[in-house]
Amino acid sequence: MSEGTVLPRKGEEGTASGTGVTAEAAAGRMPPVRIKSVQAANAAIPIDSSRNGTEGHGIKLSNLFRTLLPWLAGAAFLTLWQLRFFHVLLSLEVYQLPVPAAIVLSIRDNAEMLLRYAVYSGTEMLGGFLIGSLLGVLAATGASFFPNSGRAAVTVLSALNAVPIVALAPIMNNWFGDGIWSRIAVVSVITMAAMAVSLFKGLTSIQPQYGELLNSLAASRKQFFWKLRLPHALPSFFAGLKINMSTSIIGAIVGEFFIASQGLGYLLSDQIRLANMPLAWACIVIAAVLGIVLYELVVFTEKRLLPWNQTRTDG
């Protein structure tokens with residue numbers, strides 16, 4: 001008798017026990033069925049061990065390429081700029097658009113002055129960023145306790161975003177003088193409105209079943225805020241911080257275009273009038289680097305404090 005052959009048993013009806021053989025096969029009406037064990041069946045399937053390794057290697061290469069792509073694009077952009085491709089494309093002269101090498105040399109030759117002015121502009125930016133964000137948090141928090149009237153108040157507050165910075169800066173210079181506080185006031189106004197709108201949306205966009213659950217537990221308004229509204233609004237809070245960090249550098253630089261004696265915006269405006277474009281572009285580069293570094297600091301803080309939100313976003 002060959003291996004794996006199932007023999008019929010007399011008087012057995014239905015399916016043979018443990019073999020999956022029908023009664024007709026057991027009665028001899030059908031030929032015996034050859035059944036192999038699960039282990040033998042699995043052993044008969046060829047396994048390509050190199051396939052998983054190849055797929056894993058391909059995923060790593062894909063992730064590496066995705067990481068390097070922004071850097072490669074930036075290097076290509078700077079290379080084309082240095083080779084004066086954009087000068088030919090836009091019909092510009094070198095004195096109008098200095099090449100990256102000239103900007104780097106200007107940064108090296110004026111490093112001390114640029115650092116001092118960057119600290120001054122950074123102080124204006126961070127001061128206005130913190131004050132404006134705090135005022136926006138207070139406004140959104142107070143409005144969340146009275147959703148109907150609070151929504152109308154936040155809508156009126158958001159109208160401040162429609163006011164051009166070039167119109168707001170002279171007014172603040174008139175109110176607070178030509179010192180650092182006028183630029184801090186400009187940054188505070190434009191960041192307060194963005195934070196209020198973003199945070200209020202996070203505080204009030206609660207799913208009804210969560211509110212009904214806390215109401216069934218007789219939660220107070222204070223408990224409702226700390227246990228539900230605030231945790232739910234944390235992603236919106238960091239979204240407002242990222243928006244404010246991006247716009248605060250704009251408010252500080254534009255505010256310095258008017259009455260100011262220090263800062264990157266003042267130096268930029270002054271060097272453009274003098275046609276010293278390498279130094280003017282050096283101011284732009286320093287301001288961009290300052291804004292990017294502070295923005296990435298906010299992103300890093302969000303990842304550390306809200307890892308669950310980052311995982312959900314990535315997924």
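This report walks through a predicted, all-helical model, from its overall make-up to its cores, its largest pocket and a few single residues.

The model is a prediction, in which local features need pLDDT of at least 70 and side-chain atom pairs count only at pLDDT 80 or more, while totals for chains, interfaces and linings use all residues. Residues are numbered from 1 along each chain as its sequence is written, and side-chain values use heavy atoms, with hydrogens and water left out.

## Overall make-up

The protein has 14 helices and 0 strands. Here helices (H or I, at least four residues) and strands (E, at least two) are DSSP runs, numbered from the N terminus. Of the 315 residues in the protein, 33% are buried. Buried means under 20% relative accessible area, exposed means over 50%, and partly exposed lies in between, with a 1.4 Å probe and protein chains only. Contact means heavy atoms within 4.5 Å. Among contacts between residues at least 6 apart in sequence, 70% join residues at least 24 apart.

## The cores

A nonpolar core is a set of buried Ala, Val, Leu, Ile, Met, Phe, Trp, Tyr and Cys residues joined through side-chain atoms within 4.5 Å. The largest one holds 36 residues, and L114, L199, L203, L241, L264 and L267 touch the most other members. At least two residues of this core come from each of α6 (111-144), α9, α11 (221-256), α12 (264-273) and α13. With 8 residues, α11 gives the largest share of this core. Another core, of 7 residues, lies apart from it and includes L168, A185, V189 and I190.

L114 is a good place to start looking around. Not counting residues up to four places away in sequence, L114 touches S106, I107, L264, L267, L279, A282, C283 and I286.

## Two mostly covered helices

Helix α9 (residues 180-204) has 25 residues, and its end C-alpha atoms are 36 Å apart, which agrees with the 36 Å expected at 1.5 Å a residue. That expected span is 1.5 Å times one less than the number of residues. Of the 25 residues of α9, 20 are buried.

R183 sits in helix α9 and counts as buried because its relative accessibility is 1%. Leaving aside neighbours within four places in sequence, R183 is in contact with Y120, E124, N173, D178, A252, G255, E256, I259 and A260.

Helix α12 is also mostly covered, with 7 of its 10 residues buried. These are L264, G265, L267, L268, S269, D270 and Q271, and they pack against α6, α11 and α13.

## The largest pocket

Rolling a probe the size of a water molecule over the atoms shows where empty space is left. On a 1 Å grid over the protein atoms alone, a pocket is an open set of points where a 1.4 Å probe fits, with protein on both sides within 12 Å along at least five of seven lines; lining residues have an atom within 4 Å of a point. The largest pocket has a volume of about 270 Å³, the volume being the space filled by probe spheres set on the points, which are joined across faces, edges and corners.

Lining this pocket are W71, L78, W81, P100, I103, V104, I107, W281, I284 and V285. Helices α3 (49-82), α5 (100-109) and α13 (277-305) each supply at least two of the lining residues, and α5 gives the most, with 4. The lining divides into 10 nonpolar, no polar and no charged residues. In this count Ala, Val, Leu, Ile, Met, Phe, Trp, Tyr, Cys and Pro are nonpolar, Asp, Glu, Lys and Arg are charged, and the others, Gly among them, are polar.

## Residues away from the interior

The table gathers three residues by place and accessibility.

| Residue | Place | Relative accessibility |
|---|---|---|
| W175 | helix α8 (residues 165-176) | 62%, exposed |
| R84 | loop between α3 and α4 (85-90) | 45%, partly exposed |
| A275 | loop between α12 and α13 | 58%, exposed |

The C-alpha atoms of W175 and A185, 10 residues apart along the chain, are separated by 9.5 Å.

Most residues other than glycine have a negative phi. R84, although not a glycine, has a positive phi of about 65°. A275 follows α12, and its phi is positive too, near 65°.
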